[in-house]
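Open the model in your viewer, switch to a cartoon view and keep the selection panel handy. We will go from strands to cores to empty spaces, one selection at a time.

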Amino acid sequence: MPNRTLLDVKGLKKYFPVTKGYLHKEVAQVKAIDGVSFQIREGETLGLVGESGCGKTTTSRAILRLIEPTAGQVTFLSSSGQVDITAMKPNELKALRKEIAIVFQDPYSSLNPRLRVKEIVGDPLLVHGMAGRADLDEKVGKLLESVGLQAGYMMRYPHEFSGGQRQRIGIARALALRPKLVVADEPVSALDVSVQAQVLNLLEDLQKDFGLAYLFIAHDLSVVEHISDRVAVMYLGKIVEVASAEMLYGDPRHPYTEALITAVPTIGRRRGLDRIVLKGDVPSPVNPPTGCRFHPRCSYAKPVCSVEEPLLEETTAGSSHQAACHFFRTLTLRSLKN
């Protein structure tokens with residue numbers, strides 16, 4: 001796998017104002033993402049996992065500048081060289097849209113019901129000058145065939161397709177401009193389990209065929225176990241652990257990761273552990289806990305955890321395994337190897 005870094009996210013933050021009264025005076029801020037950092041290499045799949053509401057989707061939208069980040073830097077290796085996405089002007093972002101695409105979570109709401117498939121998939125080609133009216137049908141047909149649909153389907157409307165087929169149309173639209181990076185925002189969560197496997201296999205095949213890198217967002221560790229090269233675990237707006245998929249599932253170093261792993265279905269696989277039921281609810285991002293944000297729900301917490309925030313650091317020198325826990329060196333956590 002190439003070692004070049006394709007996407008480098010450093011200290012990304014997004015705060016939403018909380019207003020009150022007729023004058024909409026700002027009284028607080030929702031810290032949706034608060035200092036997120038990670039990298040994605042060329043041809044790699046990074047899984048971003050965590051509970052609903054932890055900031056995964058906000059992270060993806062801030063990276064793409066679909067919402068404006070509050071702070072941080074996002075560097076991307078484009079065809080013209082390194083660019084800082086957070087510093088780009090709106091008119092400069094158009095060229096970037098060719099190289100970073102997104103597959104949305106809900107295949108029922110992400111496709112315009114008034115447009116035929118030909119327009120949904122083909123309009124990006126026309127906008128960016130990568131096809132003309134004469135060869136549009138041919139290019140749209142090839143894109144549909146690449147995702148397992150018949151070229152003749154291009155004259156149909158979205159309501160004529162199943163959920164899995166609609167998601168394939170969304171994937172075809174994302175691939176239209178031959179991007180380097182595809183952000184897949186929970187692309188299978190709205191689909192039946194049997195269809196989920198088909199879409200995941202399709203994404204893996206397309207990655208090999210087109211040389212894609214993925215930021216694959218999910219709330220379920222079992223979904224990202226096989227498709228991801230590395231996994232980043234997110235909790236309440238922060239990354240708490242990053243490791244290769246094998247290392248994360250086999251040797252977790254953060255208590256929150258351990259809790260997620262015990263919830264992974266393990267039919268036909270040894271399971272010497274009971275599910276960990278976290279106490280309490282996820283704290284509010286308006287007023288997150290001091291110190292480690294996970295400490296109110298952590299069975300391993302000690303007094304220092306409520307006072308001092310742990311840094312995301314290497315578990316061993318030179319290791320790509322990182323964890324944000326004061327006691328990752330001493331804790332023995334349960335894994336799928338147990």
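Start by selecting residues 181–185 and 213–218: these are strands β7 and β8, which pair in the parallel sense over five bridges. Show Leu181 as sticks and look across to β8, where Ala213 stands opposite. Bear in mind throughout that this is a predicted model.

**The sheet around β7 and β8**

Now widen the selection to the whole sheet. It is open, has eight strands and mixed pairing, and its order reads β6-β7-β8-β3-β9-β10-β12-β11. Go to its two edges, β6 and β11 (313–314): each has a single partner strand, so one side of each is left without a neighbour in the sheet.

**Another set of strands**

Next, select residues 5–20 and 71–78. These are β1 and β4, an antiparallel pair held over five bridges. To see one of the pairings, display Val9, whose bridge partner in β4 is Val74.

Stay with β4 and add residues 81–84, which form β5; the two strands run antiparallel and are joined by four bridges. Follow the chain from β4 to β5 and you pass through a hairpin of two residues. Phe76 is a good residue to show here, as it stands opposite Val83 in β5.

**Into the cores**

Time to turn on side chains. In soluble globular proteins, nonpolar side chains tend to be buried together. In this model the largest nonpolar core has 61 residues, and Ile171, Phe216 and Leu221 are those with the most contacts inside it. Colour helix α6 (residues 193–210) as well, since the helix gives the most to this core, with six residues.

Which residues does Leu221 touch, leaving aside those up to four places away in sequence? Select Val49, Val231, Leu248, Tyr249, Thr257, Leu260, Ile261 and Val264 to see the set.

There is also a second, separate core of 33 residues; among its members are Ile63, Ile102, Ala213 and Met234. You have already met Ala213, in β8 opposite Leu181.

**Enclosed spaces**

Switch to a cavity display. How many cavities of 30 Å³ or more does the structure hold? There are two.

For the largest, centre the view on Pro255, Cys292, Cys298, Cys305 and Cys325, the residues nearest its centre among the 13 that line the cavity. The space inside is about 80 Å³. Colour the lining by class and you will find 10 nonpolar and three polar residues, with no charged ones.

For the second largest cavity, of about 40 Å³, select Glu51, Ser52, Gly53, Cys54, Tyr235, Leu236 and Val282, which line the space. Here the classes are four nonpolar, two polar and one charged.

**The largest pocket**

For the last stop, select Arg97, Ile100, Ala101, Pro124 and Leu177. Of the 17 residues lining the largest pocket, these lie nearest its centre. The pocket holds about 380 Å³ of space.

Which elements supply at least two lining residues each? Highlight β6 (100–103), α3 (117–127) and α5 (163–175) to find them. The largest share, four residues, comes from α3. Finish by colouring the pocket lining by class: 12 residues are nonpolar, one is polar and four are charged.

Key
Residues are numbered from 1 along each chain as its sequence is written. This is a predicted model: local features need pLDDT of at least 70, side-chain atom pairs count only at pLDDT 80 or more; totals for chains, interfaces and linings use all residues. Side-chain values use heavy atoms; hydrogens and water are left out. A nonpolar core is a set of buried Ala, Val, Leu, Ile, Met, Phe, Trp, Tyr and Cys residues joined through side-chain atoms within 4.5 Å. Buried means under 20% relative accessible area, exposed over 50%, partly exposed in between (1.4 Å probe, protein chains only). Contact means heavy atoms within 4.5 Å. On a 1 Å grid over the protein atoms alone, a cavity is a set of points where a 1.4 Å probe fits but cannot get out, and a pocket is an open set with protein on both sides within 12 Å along at least five of seven lines; lining residues have an atom within 4 Å of a point. Grid points are joined across faces, edges and corners, and a volume is the space filled by probe spheres set on the points. Ala, Val, Leu, Ile, Met, Phe, Trp, Tyr, Cys and Pro count as nonpolar, Asp, Glu, Lys and Arg as charged, and the others, Gly among them, as polar. Two strands pair if DSSP finds at least two bridges between them.
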